[in-house]
Amino acid sequence: MTVVAFIGLGNMGGPMAANLVKAGYRVTGFDPVPAARATASEAGIEVAESAAAAVAEAQVVLTMLPSGKHVLDVYQGEDGLLAATPSGALFVDCSTIAVADARAAAELVVASGHRALDAPVSGGVVGATAGTLTLMVGARPEDLEAVREVLEPMAGRIVHCGDPGAGQAAKICNNLILGISMIGVSEAFVLGEKLGLTHQALFDVTSTASGQCWALTTNCPVPGPVPTSPANREYQPGFAAPLMAKDLGLAMEAAEGTGTAAALGALAAGLFREFADGNGSALDFSAIINEIREAS
């Protein structure tokens, strides 16, 4: 039986690892947060005492961590994952990190005798729980094929974007679109309120017209039209505002480094950073509509 180690068992990693258990894999895991470890154990994950212990028998190692620094730190050192994992393992980093960090991590993995993939995800906690995430993969084609069966229980779609680092590039471009579009959708609903439109009427028009987008039809920022959206649960994330602020920050770093003009992206990044540092620190990113409403 393939042994899969999963490092990072939080809101995203925990459900993803649980889906691997349901698919019949033996999953070992670790997270520094006691509550995450307890929830993972209830889902059938064999929770280890450390990250190094979790990978001791693994052929596939998945990581879902907050930043590039976390990924690079957990990979390296005498007790790091690269030294603790049996030779030739497939390392799949599902975190959202800078492209440069993803490429640096891949170089470390390969230099240690393993194989490297970056596979950031889109779909939020709902997709992680349902096993319908989109995985954006940067890897050699043969490495993706070697691990595809392990990825499939977590994914509705797996897209090979190119060499290591390309998955992260696709993710930050996707979330640049998402952040900008959520602000646009939110502004439209606030304007509609002031013009006397009901939320349902505006949704019924825009969801089947040229304004249609994921931020509207799946993560609608007002309660009612999409019953599963966070707006119906007082904006419990979902995809938390600080994560959107982080991803837009990564996109702006990449835009600056490549000389890409991104005026709307820079504005969206600033708005989400201010929101995440203030009222939105524990809310879904769609709750930015409340800031727009209060400023109107």
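**Exercise 1.** Which residues of the largest nonpolar core touch the most other members?

*Solution.* The model is a predicted one. Step 1: take the largest nonpolar core, which has 39 residues. Step 2: pick out the members that touch the most others; these are F189, M244, F272 and F285. Step 3: list the elements that give two or more residues to this core, namely α9, α10 (199-206), α11 (214-217), α12 (241-258), α13 (263-277) and α14. Step 4: find the element that gives the most, which is α12, with 8 residues.

**Exercise 2.** List the contacts of M244, leaving aside its neighbours within four places in sequence.

*Solution.* Step 1: set those neighbours aside; M244 is then in contact with N175, L178, G179, F239, F272 and F285. Step 2: compare with the core; F272 and F285 are among the residues that touch the most other members there. Step 3: look for another core; a second, separate one of 32 residues includes M12, V60, A128 and A139.

**Exercise 3.** Describe how helix α9 packs with helix α14.

*Solution.* Step 1: locate the helices, α9 at residues 166-194 and α14 at residues 288-295. Step 2: read the geometry; the angle is about 45° and the axes are 9 Å apart. Step 3: classify the angle; α9 is oblique to α14, because an angle of 35 to 65 degrees is neither roughly parallel nor roughly perpendicular. Step 4: give the hand of the crossing, which is right-handed. Step 5: name the residues that meet: M182, I183, S186, E187, F189, V190 and E193 in α9, and I288, I289, I292 and R293 in α14. Step 6: sort the residues of this contact into 7 nonpolar, 1 polar and 3 charged.

Conventions: Residues numbered from 1 in each chain as written. Predicted model: local features only at pLDDT ≥ 70, side-chain atom pairs only at ≥ 80, totals over all residues. Heavy atoms only, no water. Axes fitted to C-alpha atoms, helices over the stretch in contact; angles between N-to-C directions. Helix = DSSP H or I, 4+ residues; strand = E, 2+ residues; numbered from the N terminus. Parallel < 35°, antiparallel > 145°, perpendicular 65-115°, else oblique. Left-handed = near helix turned anticlockwise from the far one by under 90°. Contact = heavy atoms within 4.5 Å. Nonpolar A, V, L, I, M, F, W, Y, C, P; charged D, E, K, R; others polar. Core = buried A, V, L, I, M, F, W, Y, C linked by side-chain atoms within 4.5 Å. Buried < 20%, exposed > 50% of the residue type's maximum accessible area, 1.4 Å probe, protein only.
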